[in-house]
Amino acid sequence: MDGEIVAIYPGSFDPVTNGHLDIIERGTGIFDRVIVAVLVNVAKDPLFTLEERLEMLRDATSRWQNVVIDTFNGLLVSYAAERQARVILRGIRAVTDFEYEFQMASMNRRMAPHIETVFMVPAEAYSYLSSSLVKEVASLGGSVTGLVPPLVERNLHVRIQRKDTGKRV
Ligand code: ADP
């Protein structure tokens, strides 16, 4: 649709947390469409496969009509142009996020001046939450209830139990 404002929300989402969902929900209230784009990054050695991460995202975002789940490879600005997105949406938790995000936003602007990076701040309850912390807590037997969607919680338990028993999943 002409004049529609599309935002890309890029990330690894390994796995999606309630912090990500908080940002997605805020995005749906402002933009016509939010495309959650999972980076196909072989270098990062993720806990969940790309397909698993997509499935958890689809499940957790099915309540929003204007959210699309997709994948991307290569330059984010090229992907954004391909999808005719005018906005790159990112979440900022603390000052520690700022430097990296500032660098990325500045570099992306240099490459694609018409694409705007928009930062959003999650609810306080999620301001310390990251996918890596969730994985660490879950692997040590701590509870992640309320920090991730129910399907993610179940998948984390399964993955960790299998690791314990040495089975490949
Ligand atoms: P990346 O590898 O790009 O950092 P992530 O999946 O970790 O991918 O994060 C994707 C985006 O979501 C980033 O902008 C990140 O800052 C943001 N984000 C991650 N966790 C949270 C959270 N708890 N609250 C708000 N934003 C978050």
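Is Q84 buried or exposed? In this predicted model, Q84 is exposed, because its relative accessible area is 67% and the cut-off for exposed is over 50%. The residue sits in the loop between α3 (76-82) and β4. Its phi is near 55 degrees, a positive value in a residue other than glycine. Most residues other than glycine have a negative phi, and most peptide bonds are trans.

The loop between β1 and α1 holds another such residue, F13. The phi of F13 is near 50 degrees, again positive in a residue that is not glycine. F13 is buried, because its relative accessible area is 2% and buried means under 20%. P15 lies in the loop between β1 and α1 as well. The peptide bond that leads from D14 to P15 is cis. Its omega is near 0 degrees.

Helix α1 contains I23. With a relative accessible area of 2%, I23 is buried. Along the chain, I23 and F119 are 96 residues apart. In space, 9.3 Å separates their C-alpha atoms.

The ligand takes up the space of the largest pocket. Around the ligand stand 16 residues. Y9, S12, K44, G91 and L129 come nearest. Which elements each supply at least two residues of the shell? They are β1 (6-11), α1 (18-30) and β4 (87-91). By residue class, the shell has seven nonpolar, five polar and four charged members.

Several polar atoms of the protein lie beside the ligand. A polar backbone atom of G91 is 2.7 Å from an oxygen atom of the ligand. G91 is also among the residues that come nearest to the ligand. Y126 places a backbone N or O atom 2.9 Å from a ligand nitrogen atom. R93 takes part through its side chain. There, an N or O atom is 3.2 Å from a nitrogen atom of the ligand. How much of the ligand's accessible area does the protein cover? On its own, the ligand has 550 Å² of accessible area, and the protein covers 89% of it.

Two residues with positive phi thus sit in loops, F13 between β1 and α1 and Q84 between α3 and β4. Their surroundings are described by opposite words: F13 is buried, whereas Q84 is exposed.

Technical notes: Residues are numbered from 1 along each chain as its sequence is written. This is a predicted model: local features need pLDDT of at least 70, side-chain atom pairs count only at pLDDT 80 or more; totals for chains, interfaces and linings use all residues. Side-chain values use heavy atoms; hydrogens and water are left out. A residue is near a molecule or strand if one of its heavy atoms lies within 4 Å of it. A polar contact is a pair of N or O atoms within 3.5 Å; within protein, one must be able to donate a hydrogen and the other to accept it, and residues adjacent in sequence count only if both atoms are side-chain atoms. Accessible areas come from the Shrake-Rupley method with a 1.4 Å probe; for residues, only the protein chains shown count as cover. On a 1 Å grid over the protein atoms alone, a cavity is a set of points where a 1.4 Å probe fits but cannot get out, and a pocket is an open set with protein on both sides within 12 Å along at least five of seven lines; lining residues have an atom within 4 Å of a point. A molecule sits in a cavity or pocket if more than half of its atoms lie within 2 Å of its grid points. Helices (H or I, at least four residues) and strands (E, at least two) are DSSP runs, numbered from the N terminus. Ala, Val, Leu, Ile, Met, Phe, Trp, Tyr, Cys and Pro count as nonpolar, Asp, Glu, Lys and Arg as charged, and the others, Gly among them, as polar. Buried means under 20% relative accessible area, exposed over 50%, partly exposed in between (1.4 Å probe, protein chains only).
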